[in-house]
Amino acid sequence: MAAVAESAALSRTPLAEWHAANRGRLVDFAGWSMPVQYGSIVEEHHATRRGVGLFDVSHMGRFHVAGADSGALLDRLLSRGVSRMPVGRIRYALVCNDAGGVLDDVLAWRRGDDDFSLVVNASNRDKLWAWFTQHAAAADATLKDETIATAMIAVQGPEAVATVVEMADSNIATMKYYTGGDATVGGVACRVSRTGYTGEDGYELVCDAAAATGLWESLVAAGGKPCGLASRDTLRLEAAMPLYGHELDEDHTPLEAGLDFAVQLLAKDGSPRDFIGGDALRTASVGEPASVRIGLQVDSRRPPREGYAVLHEGAACGHVTSGTASPTLGTMIAMASVTPAAAEAASGLSVEIRGANAGATLTPLPFYRRA
């Protein structure tokens, strides 16, 4: 197993030339040249909420883990057990350090008895590759980084399923949420998962890098609208999906981020489940957390941004982790990390925006939920 190669130049996805030729505004994102938008961010956002949005997410890390010890290895490294999932099932989980801090959040897909695929964040790919390699050294497991050899396209929106099904050689409409399988889409062999990061239904398609442009163009011809990272961020924020480096980091536990559902502390027999960070999280689960993730609607004409102070009765109680002007709701929204007392406050909350305090109202998460 070789570590991921470092490069001073920005990495490019297999679709980079298409983005550049079609008005994609390219920016540096986690060391990758990625389209932040093609035109109007709001139009791309609405296209995904109302029709079909296409996202190049090839920068996300894709690892393959196989071998007799692969399931046991992942059970040890992930906050939820995956070795006994039915084949085809996909599970959201955290990779934690010994103190219970979050190294990354990942999707784990059981593709066979001793065959797993993982999707990890682009910014954490090198870190996780080193972490997984370290812990796999004595295991009967083979790790392969498939990121460069493949492409990944997210097809999201209320019309996404019908669009992809029409292009597929099998009835993937029967595929349940958070499951996956193999299919040919637009004449291209794909690994198809019914997952996403927008709050909408849809699929994520993984194919060989050489076939990516043809598949992308077929999806565009079928009515999909190319969308950039900016609208992907407003969509995931409306759906209250955490983003690593904002709601998640190594200094905070997944319990503080409200991700209790993704932490399996006990085995089925009631005994403590053995995974890295498990002891620290079991201890944390019986006490009051240091911070809590909340949702806020903010009375301001300016969007609340990451790092802005959140106040309760004029005293600092936390900070904004993600904020934006919500195109769907027509209001300013934010997720914030605050003290438990502030998370229960019925009133008196505000966000400091450029020296002025804007009133804020606690709002249940997610801000938006599809019908």
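# A guided tour of the predicted model

Begin with helix α2 (residues 41-50) and helix α7 (residues 229-238), which pack at about 55° with their axes 8 Å apart. That angle makes α2 oblique to α7. The crossing of the two helices, α2 and α7, is right-handed. To display the contact, select I41, E44, H45, T48 and R49 on α2, then A230, S231, T234, L235 and E238 on α7. Coloured by class, the residues of this contact comprise three nonpolar, four polar and three charged. The spacing of the selected positions can be read against a general property of helices: an α-helix has 3.6 residues a turn, so residues three or four places apart point the same way. Please note throughout that this is a predicted model.

**Second stop: helix α3**

Select helix α3, residues 70-77, which is mostly covered, with six of its eight residues buried. Those buried in α3 are S70, G71, L73, L74, D75 and L77. What do the buried residues of α3 pack against? Their partners are the strands β5 (61-66), β6 (90-96), β8 (115-120) and β9 (142-145), together with helix α4.

Keep α3 in view and add α4 to the selection. The helices α3 and α4 pack at an angle of about 125°, and their axes are 11 Å apart. The two are therefore oblique to each other. In passing α4, α3 makes a right-handed crossing. On the α3 side, the residues to select are L73, L74 and L77, and these meet W131, F132, H135 and A136 in α4. By class, this contact of α3 with α4 has six nonpolar residues, one polar and no charged residues.

**Third stop: W131**

Now centre the view on W131, which is placed in helix α4 (residues 125-136). Is the residue buried or exposed? W131 counts as buried because its relative accessibility is 18%, under the 20% limit for that class. Leaving aside neighbours within four places in sequence, W131 is in contact with L77, V95, C96, N97, L103 and I276. Of these, L77 also appears among the α3 residues that meet α4. For a distance check, select N171 as well: W131 and N171 are 40 residues apart in sequence, and their C-alpha atoms are 38 Å apart in space.

**Fourth stop: T163**

Move to T163, a residue of helix α5 (residues 160-167). Its relative accessibility is 11%, so T163 counts as buried. Display the polar contact here: the side chain of T163 reaches the backbone oxygen of E159 at 2.8 Å. With residues up to four places away in sequence not counted, T163 touches V52 and A222.

**Fifth stop: C207**

Select C207 next, in strand β13 (residues 202-208). At a relative accessibility of 3%, C207 counts as buried. Which residues are in contact with C207, leaving aside neighbours within four places in sequence? They are A149, T150, A151, V188, A189, C190, A212 and L215. A149 merits a distance label: the residue lies 58 residues from C207 along the chain, and the C-alpha atoms of the pair are separated by 8.8 Å.

**Sixth stop: backbone geometry at E313, R354 and P366**

The remaining selections concern backbone torsions. Select E313, in the loop between β16 (309-312) and β17 (315-325). E313 is not a glycine, yet has a positive phi of about 55°. With a relative accessible area of 60%, E313 is exposed.

Proceed to R354, in the loop between β19 (349-353) and β20. R354 likewise has a positive phi of about 55° although it is not a glycine. R354 counts as exposed, at 64% relative accessibility.

Finish at P366, which lies in the segment after β20 (356-363). Which kind of peptide bond joins L365 and P366? The bond between L365 and P366 is cis, with omega about 0°.

How values were computed. Residues are numbered from 1 along each chain as its sequence is written. This is a predicted model: local features need pLDDT of at least 70, side-chain atom pairs count only at pLDDT 80 or more; totals for chains, interfaces and linings use all residues. Side-chain values use heavy atoms; hydrogens and water are left out. Axes are lines fitted to C-alpha atoms, for helices over the stretch in contact, and angles run from 0 to 180 degrees between N-to-C directions. Helices (H or I, at least four residues) and strands (E, at least two) are DSSP runs, numbered from the N terminus. Angles under 35 degrees count as roughly parallel, over 145 as roughly antiparallel, 65 to 115 as roughly perpendicular and the rest as oblique. A crossing is left-handed if the near helix is turned anticlockwise from the far one by less than a right angle, and right-handed if clockwise. Contact means heavy atoms within 4.5 Å. Ala, Val, Leu, Ile, Met, Phe, Trp, Tyr, Cys and Pro count as nonpolar, Asp, Glu, Lys and Arg as charged, and the others, Gly among them, as polar. Buried means under 20% relative accessible area, exposed over 50%, partly exposed in between (1.4 Å probe, protein chains only). A polar contact is a pair of N or O atoms within 3.5 Å; within protein, one must be able to donate a hydrogen and the other to accept it, and residues adjacent in sequence count only if both atoms are side-chain atoms.
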